[in-house]
Amino acid sequence: MRVQLPLLNTVNYSQTLRARTWRPETRELLIARLQDSDQEADLSEPANCGGLGRLRHFRQQTNPGWPDNPLPIEPAERSLGRVLGDTAVAQVFQNLACNWRCWYCYVPFNLLGGNTDRGEFTTASDLVSRHFGEDNPPPIIDISGGQPDLVPEWTLDTLRAVENAGRSNDTYVWTDDNLSTTYMWEFLTRSEIRWMASQPNHGRVGCFKGFDEESFTYNTRAAPELYDFQFELFERLLGEGFDIYGYVTLTSPSSDNIERGVADLVNRLQRIHVNLPLRVIPLEIGVYTPVESRLNPEAQASLLNQQAAVEVWNAQLETRFDADERRQPIWMAEVRS
């Protein structure tokens with residue numbers, strides 16, 4: 001029998017976390033301290049930037065049966081005008097807040113609740129300075145979390161700091177987003193949004209959590225109606241002119257709706273734009289240290305079900321797009337009407 005955890009009140013919890021992690025008067029945000037954290041065991045290299053950052057190696061090659069993952073490598077190559085190869089290094093910073101609790105998240109939950117004892121208040125400008133102060137800073141800054149768009153000012157201030165440092169031509173800023181809030185439009189001005197969207201060295205990725213309401217709610221502990229809200233937010237960001245891409249996680253506790261659910265997911269993406277599935281990459285969920293304690297029979301089943309789901313995804317794209325379309329660089333998939 002499934003153990004039903006209480007659903008998160010995303011609206012209230014988002015407000016609480018923003019209040020805990022953002023100081024508008026000083027433009028400081030709460031960044032996770034990765035050094036000596038429960039996440040440190042999974043880092044391939046020691047934490048850097050004074051313990052607030054880490055290096056991540058993005059790899060295009062994935063496990064058999066899963067589509068290659070060109071994000072953010074190919075968009076960064078396009079922006080920077082240079083080849084990064086099959087593996088690219090990025091400087092990652094994580095805000096200490098997320099309004100959902102995805103069971104498969106590689107971040108320990110104690111780094112997601114705005115606990116000031118586990119982080120440090122600092123500015124985006126300071127983080128950028130720390131990045132450029134490292135030996136051989138990588139060309140990608142990954143604004144991650146947590147849920148970065150609980151503080152949309154973070155991306156804005158990062159892009160400004162990179163520009164002020166004279167490094168816009170050789171630094172690509174990549175923002176992760178769980179597609180959960182409208183805070184960008186609530187707390188930024190129209191001109192600020194337009195300016196961010198116009199920056200050629202900036203890209204965003206929105207992560208769709210599941211392929212139907214059941215898998216979404218199981219994965220996130222958020223209310224099922226927020227599954228539809230993800231698509232609305234993505235379309236709104238696309239309409240603002242952002243160079244935006246997608247991830248999707250295909251874990252589900254049930255195998256009953258996989259074929260119909262994944263096909264409907266692709267339909268939903270194509271209702272935004274017929275080419276949008278070409279900009280969305282399924283992510284295979286693995287077991288990192290924080291996930292081990294969360295593995296129950298349902299979670300184990302969902303890891304198996306994602307394998308069946310990605311087979312359906314692959315078949316759907318093969319049916320809807322020819323080989324040349326599927327092989328082209330991900331940024332070449334035109335999604336502007």
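**Packing, pocket and backbone features of the predicted model**

L7 is partly exposed, with a relative accessible area of 46%. In this predicted model, L7 is placed in the segment before α1 (10–21). When residues up to four places away in sequence are not counted, L7 touches T217, R221, A222, A223 and P224. The C-alpha atom of L7 also lies 9.5 Å from that of Y218, although 211 residues separate the two along the chain.

Two of the residues named above, T217 and Y218, are among the buried residues of α7, together with S215, F216, N219 and T220. Helix α7 comprises residues 213–220, and because six of its eight residues are buried, the helix is largely enclosed by the rest of the structure. The packing partners of these buried residues are β8, α8 (226–239), β9 and α11 (297–320). Directly after α7 comes R221, which has a positive phi near 65 degrees; R221 is also one of the residues touched by L7.

Helix α11, one of the elements against which α7 packs, contains Q306. This residue is buried, its relative accessible area being 1%. Beyond its neighbours within four places in sequence, Q306 is in contact with W66, L250, T251, L283, E284 and I285. Two of these contact partners, L283 and E284, recur in the description of the largest pocket, where they are listed with R56, Y106 and Y288 as the lining residues closest to the centre.

The largest pocket holds about 1400 Å³ of space, and 48 residues line it. Strands β3 (53–59), β6 (140–144), β7 (172–177), β8 (202–209), β9 (244–249) and β10 (280–283) are the elements that give two or more residues to this lining. The greatest contribution is that of β3, with six residues. In terms of residue class, the lining is made up of 23 nonpolar, 15 polar and ten charged residues. Strands β8 and β9 thus appear both in the pocket lining and among the elements that pack against the buried residues of α7.

The nonpolar interior was examined next. The largest nonpolar core has 80 residues, of which W154, L265 and W313 touch the most other members. With neighbours within four places in sequence left aside, the contacts of W154 are L29, I31, F93, Q94, N95, A124, L127, I143, S144 and P148. Apart from this core lies another, of 17 residues, which include L80, Y247, I281 and I330.

At the level of the whole chain, twelve helices and ten strands are present. The radius of gyration is 19 Å, close to the 20 Å given by the globule rule for 337 residues, and the chain is therefore as compact as a globular protein of that length. The C-alpha trace spans about 50 × 45 × 40 Å along its principal axes. Of the 337 residues, 57% count as buried. Among contacts in the chain with a separation of 6 or more, 80% are accounted for by residues 24 or more positions apart.

Several backbone features remain to be described. Most residues other than glycine have a negative phi, and most peptide bonds are trans. Against this background, the peptide bond from L71 to P72 is cis, with omega near -5 degrees. P72 is situated in the loop between β3 and α2 (73–80). A cis peptide bond also joins G145 and G146, with omega about 10 degrees, and G146 belongs to the loop between β6 and α4 (153–164). The strands that precede these two loops, β3 and β6, both give residues to the lining of the largest pocket.

Positive phi values in residues other than glycine were found at C49, near 50 degrees, and at L179, near 55 degrees. C49 occupies a position in the loop between β2 (28–32) and β3 and is buried, with a relative accessible area of 3%. L179 is located in the loop between β7 and α5 (183–187); with a relative accessibility of 0%, L179 likewise counts as buried.

Notes. Residues numbered from 1 in each chain as written. Predicted model: local features only at pLDDT ≥ 70, side-chain atom pairs only at ≥ 80, totals over all residues. Heavy atoms only, no water. Core = buried A, V, L, I, M, F, W, Y, C linked by side-chain atoms within 4.5 Å. Buried < 20%, exposed > 50% of the residue type's maximum accessible area, 1.4 Å probe, protein only. Contact = heavy atoms within 4.5 Å. 1 Å grid on protein atoms, 1.4 Å probe; cavity = no way out; pocket = protein on both sides within 12 Å on 5 of 7 lines; lining within 4 Å. Points joined across faces, edges and corners; volume = space filled by probe spheres on them. Helix = DSSP H or I, 4+ residues; strand = E, 2+ residues; numbered from the N terminus. Nonpolar A, V, L, I, M, F, W, Y, C, P; charged D, E, K, R; others polar. Rg over C-alpha atoms; globule rule 2.2 N^0.38 Å.
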